[in-house]
Amino acid sequence: MKQFFDEYFNFSKMVKNKRKYKKEMQRVKDLPKDYQYVFKQIQNHMWKFACGSGYDMMEVQCDLIDLFEESAADGKNVLEITGKNVAGFVDELLKTTRTYTQDWRNKLNKKINKKLRDDKSEKC
C-alpha cells in the first residue's frame, strides 16, 4: 500500500515529474517539424498503453527525444529512424515498459486458467 501512495500521491514527486515533462516537451519544440509531428503521433499512441503512474512512459519518451535530437543533428530523415512501420517501432519501444496490454493478457490468462482449474476440480 505504501508503494501505491508513494507512486500516486507523492505530490513532490508529481511536481518534479511535471517540471521534467515540460522541459522534455520544450526539447520536442526545438526539433524539426517532421520530427515534432512524428513524436506527437507516437506520444499519443504510446499513452493509450501507459499503465500505472505513467513514469515508465516518460522515460521512454525522453529516450526517444534523445534519439530524435541526435538523428536530426546528423541530418537524417525521421522515417530513417522509425521506418515506415512506425507502429512496429513503437511496439519495440514499449517492450521494456509495463503496459495495459500486459495487464489485459495476464487477466485473460488468469481468468481462463482459474475457470479450467475450477471446472476440472468439480468433475473429480
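# A tour of the helices and their salt bridges

Start by selecting helix H3 (residues 33–47) and helix H6 (residues 86–93), which pack at an angle of about 55 degrees with their axes 11 Å apart. The axes here are lines fitted to C-alpha atoms, for helices over the stretch in contact, and the angles run from 0 to 180 degrees between N-to-C directions. That angle makes H3 oblique to H6; angles under 35 degrees count as roughly parallel, over 145 as roughly antiparallel, 65 to 115 as roughly perpendicular, and the rest as oblique.

Before moving on, please note that this is a predicted model, in which local features need pLDDT of at least 70 and side-chain atom pairs count only at pLDDT 80 or more, while totals for chains, interfaces and linings use all residues. Residues are numbered from 1 along each chain as its sequence is written, and side-chain values use heavy atoms, with hydrogens and water left out.

**Stop 1: where H3 meets H6**

Turn the view until you look through one helix at the other: H3 passes H6 in a right-handed crossing (right-handed if the near helix is turned clockwise from the far one by less than a right angle, left-handed if anticlockwise). Now show side chains for Ile42, His45 and Met46 of H3, together with Val86, Phe89, Val90 and Leu93 of H6; these residues make the contact, where contact means heavy atoms within 4.5 Å. By class, the contact of H3 with H6 has 6 nonpolar residues, 1 polar and no charged ones. In this scheme Ala, Val, Leu, Ile, Met, Phe, Trp, Tyr, Cys and Pro are nonpolar, Asp, Glu, Lys and Arg are charged, and the others, Gly among them, are polar.

Keep this view and add Thr82, which sits in helix H5 (residues 78–82). Is Thr82 buried or exposed? Thr82 is buried, with a relative accessible area of 7%; buried means under 20%, exposed over 50%, and partly exposed in between (1.4 Å probe, protein chains only). Leaving aside neighbours within four places in sequence, Thr82 is in contact with Val38, Ile42, Phe68 and Phe89.

**Stop 2: the whole fold**

Zoom out and colour by secondary structure. The protein has 7 helices and 0 strands, where helices (H or I, at least four residues) and strands (E, at least two) are DSSP runs numbered from the N terminus. Of the 124 residues, 26% count as buried. Among contacts with a separation of 6 or more, 69% are between residues 24 or more positions apart.

**Stop 3: H2 against H3**

Select H2 and H3 next. Their packing angle is about 140 degrees, and their axes are 9 Å apart; H2 and H3 are therefore oblique to each other. On the H2 side pick Tyr21, Met25, Val28 and Lys29, which meet Gln36, Phe39, Lys40 and Gln43 in H3. The contact of H2 with H3 comprises 4 nonpolar, 2 polar and 2 charged residues.

**Stop 4: salt bridges**

How many salt bridges does a search of the whole structure find? The search gives 4, each being a side-chain nitrogen of Lys or Arg within 4 Å of a carboxyl oxygen of Asp or Glu.

Centre on Arg27, whose side chain meets that of Asp66 in a salt bridge (2.4 Å, N to O). Arg27 lies in helix H2 (residues 11–29) and Asp66 in helix H4 (residues 55–73), so the pair ties together parts that are 39 residues apart in sequence. Asp66 is partly exposed, at 31% relative accessible area.

Stay on Arg27 and add Glu69: their side chains also meet in a salt bridge (2.5 Å, N to O). This pair, too, links distant parts of the chain, with Glu69 in helix H4 and Arg27 in helix H2, 42 residues apart. Glu69 is partly exposed, at 28% relative accessibility. Add Glu24 to see the network of salt bridges that links Glu24, Arg27, Asp66 and Glu69.

Then move to Glu92, which forms a salt bridge with Lys95, the closest N and O atoms being 3.1 Å apart. Lys95 is exposed, with a relative accessible area of 57%.

**Stop 5: Thr97**

Finish in the loop between H6 and helix H7 (100–123), where you will find Thr97. Thr97 is buried, with a relative accessible area of 3%. Apart from neighbours within four places in sequence, Thr97 is in contact with Asp56, Met57, Val60 and Gln102. To place Thr97 against Glu59, draw a C-alpha to C-alpha distance: the two atoms are separated by 9.3 Å, with the residues 38 apart along the chain.
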